[in-house]
Amino acid sequence: MGKLRVILGDQLNEQISSLQGTDKTQDVILMCEVQEEATYVRHHQKKIAFIFSAMRHFAQSLKAQGYEVWYTRLNDPQNSGSFTGEVVRCLQQHACDAVILTQPGEYRVAEMVRSWPEQLNLPVDVREDNRFLCPVEDFRQWAKGRQQLRMEYFYRDMRRRYRILLEDDEKPVGGKWNYDTENRKPVTTSLDIPPHFSSAPDEITRQVIALVSARFSDHFGDIEPFYFAVTRQQALVALTSFIDNRLRYFGDYQDAMLEGEPWMFHSHLSFYLNCGLLLPLECVRAAEAAWREGKAPLNAVEGFIRQLIGWREFVRGIYWLNMPDYASRNYFGVKGKLPAFYWSGETEMNCLRQCVLETRKHAYAHHIQRLMVLGNFALLTGVNPDALNQWFLSVYADAYEWVELPNVTGMVLFADGGYLASKPYAAGGSYIHKMSDYCRKCRYKVTQKNGADACPFNYLYWDFLIRNREKLSLNPRVAMMYKTYDRMNEEKHRAIRQDSQTFLTQLSEEEPQ
Ligand code: FAD
Ligand code: DLZ
Ligand code: SF4
């Protein structure tokens, strides 16, 4: 008797552990588009179309290689709407003596799978997710006994483990592990930014776009134009195009934001990495080779590699080490709702408007837009972690809870009390002004600190610090800001309080969408 091998929508790689040892004459591969996955949060339309199209292409390529694939489309009349329902249905058609799958990427799905042995009355072999470089158990061992978990030390261990950018004597090439201080060039409008990778939709993608438009048109986001890679071959072209055209400036302009330029010099590979079309080590090796061949400088290559083997693996480790508890962390006890303009873009704050509108159009925003504009505003105004997590999980085509939750709860909201980040990434308008050209076309004045025309980030920043003084003043990385605040006179303190109160009251009175 054969085995049933389940491949989830973010496991689209032929090297995935669940496929290893497949007997093509007996085993069945199950892939299914299900309503439950498409709606557990209201995903951006482009995200659903991207996953479905990549799934259909992957199934097609498996079939061409002689695998027996049982693929359910969302609109198949018999579709039960859930993973469990589809596994049951498939087993009714194909007698199997075991179910095999790779560890699901989200806790929610992993819990569902835990109930399968009993529900199906079959052994279920859940295998390590080999799309990642640090197995969950290894991360647990690394974290054991450490007072604080800091990405930098984890990252150095990963560099050693995979021998990345190392000299023969185990020292980092160039003499330093981290070149971040060279990576904060402010923006200039004369930058020559290469066009981003784009792949024209084929017949499969066009069918999926029609399906998503018919079924999910009430979800956030523009489905067209659709330009994502949906096959491994196309994703590899996207990788090469990044290495050849953008990587050299990745470091210099990593934090920069320009109006009308959503892509900058970032890689835009997270969509493909997170659904399995690309593997992290091949991206890392390609970047390292570019440096060795003199095509890209070390600050760019090291910076890119650090995001991949450092941050990406680190946040995943944090997620699995702390779930399910991590999802309910709310260190500041905040209850604010998400402002309606996170969906509509209708705000006079130009930085936020641009970031929301680009998110709506592309299901993408780069890291600094997510962290220092969209995230920073939510932190300063006290949006509750659940609401912000839901938003971030639904609007980006690269969003899965294992990566989204630690970034939002840990990095943006400091809702874990400093477990992931050593201090909150709170900032006033001057940071956004320095790193972008958004302020030039804003109704508010970034240089003005108080009053009706002042940039709201300016007073909200101080108000956030004051509201949370008890929790933050002992943090050595924040303490200096309290000294600055204390040196301001009483009139200034009153103005900060008043402006913030007026702004926050107005915000809370806005109609939700
Ligand atoms: P690049 O800037 O080119 O970086 C290269 C790669 O490094 C990315 O493709 C990604 O795989 C990895 N990476 C970079 N930063 C991080 C990080 N902080 N955590 C994990 N991986 C990282 N990333 C997601 O993949 N999915 C998410 O749902 C997600 N949500 C986020 C929410 C918030 C509030 C913040 C601040 C960050 C979030 N990130 C998320 C991390 C980061 O913003 C994206 O990975 C990045 O913007 C993707 O674009 P890119 O491929 O062009 O990245
Ligand atoms: C994101 C997503 C969506 C929208 N739809 C599906 C789907 O219909 N079928 C599927 O297998 N996967 C989908 N995915 C990706 C899953 O949400 C992802 O595999 C799990 O969250 C991992 O635990
Ligand atoms: Fe954003 Fe303030 Fe600049 Fe306006 S002035 S774009 S609100 S930072």
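The protein chain splits into three parts: domain 1 (2–127), domain 2 (136–201 + 217–322) and domain 3 (340–510). Domain 2 is written as two stretches of the chain. The model is predicted. This briefing covers the meeting of domain 1 with domain 3, then the surroundings of ligands 1, 2 and 3.

**Where domain 1 meets domain 3**

- The centres of domain 1 and domain 3, taken over C-alpha atoms, are 39 Å apart.
- At the interface, 13 residues of domain 1 are in contact with 15 residues of domain 3.
- The size of an interface is often stated as the accessible area lost when the parts come together.
- Here, domain 1 and domain 3 bury about 1,100 Å² between them. Carbon and sulfur atoms account for 55% of that area.
- Three residues stand out on the domain 1 side: V41, H44 and K47. They supply 46% of the area that domain 1 buries against domain 3, more than any other three residues.

**What kind of contacts join them**

- Which count is zero between domain 1 and domain 3? It is the count of salt bridges.
- Polar contacts do occur between the two domains: seven residue pairs, both residues at pLDDT 80 or more.
- Helix α2 (residues 45–64) gives four residues to the side of domain 1 that touches domain 3, the largest share.
- By class, that side of domain 1 has five nonpolar, three polar and five charged residues.

**Around ligand 1**

- Ligand 1 has 29 residues around it. H266, S267, H268, N274 and Y364 come nearest.
- The side chain of H266 places an N or O atom 2.7 Å from an oxygen atom of ligand 1.
- H268 uses its backbone instead: an N or O atom there lies 2.8 Å from an oxygen atom of ligand 1.
- R370 pairs with a nitrogen atom of ligand 1, with a polar side-chain atom 3.5 Å away.

**Around ligand 2**

- Ligand 2 is surrounded by 18 residues. The closest are G9, D10, C32, V34 and E37.
- D10 has a polar side-chain atom 2.8 Å from an oxygen atom of ligand 2.
- For E37, a polar side-chain atom lies 2.5 Å from an oxygen atom of ligand 2.
- G105 contributes a backbone N or O atom, 3.2 Å from an oxygen atom of ligand 2.

**Around ligand 3**

- The shell of ligand 3 is made up of M349, C351, I432, Y438, C439, C442, Y444, V446, C455 and F457.
- How many residues of this shell are nonpolar, polar and charged? The split is 10 nonpolar, no polar and no charged.

Conventions:
Residues are numbered from 1 along each chain as its sequence is written. Chains are lettered from A and ligands numbered from 1 in the order in which they are written. This is a predicted model: local features need pLDDT of at least 70, side-chain atom pairs count only at pLDDT 80 or more; totals for chains, interfaces and linings use all residues. Side-chain values use heavy atoms; hydrogens and water are left out. Domain bounds come from an automatic or database domain assignment. Contact means heavy atoms within 4.5 Å. Buried area is the accessible area (1.4 Å probe) that two parts lose on being put together, summed over both. A salt bridge is a side-chain nitrogen of Lys or Arg within 4 Å of a carboxyl oxygen of Asp or Glu. A polar contact is a pair of N or O atoms within 3.5 Å; within protein, one must be able to donate a hydrogen and the other to accept it, and residues adjacent in sequence count only if both atoms are side-chain atoms. Helices (H or I, at least four residues) and strands (E, at least two) are DSSP runs, numbered from the N terminus. Ala, Val, Leu, Ile, Met, Phe, Trp, Tyr, Cys and Pro count as nonpolar, Asp, Glu, Lys and Arg as charged, and the others, Gly among them, as polar. A residue is near a molecule or strand if one of its heavy atoms lies within 4 Å of it.
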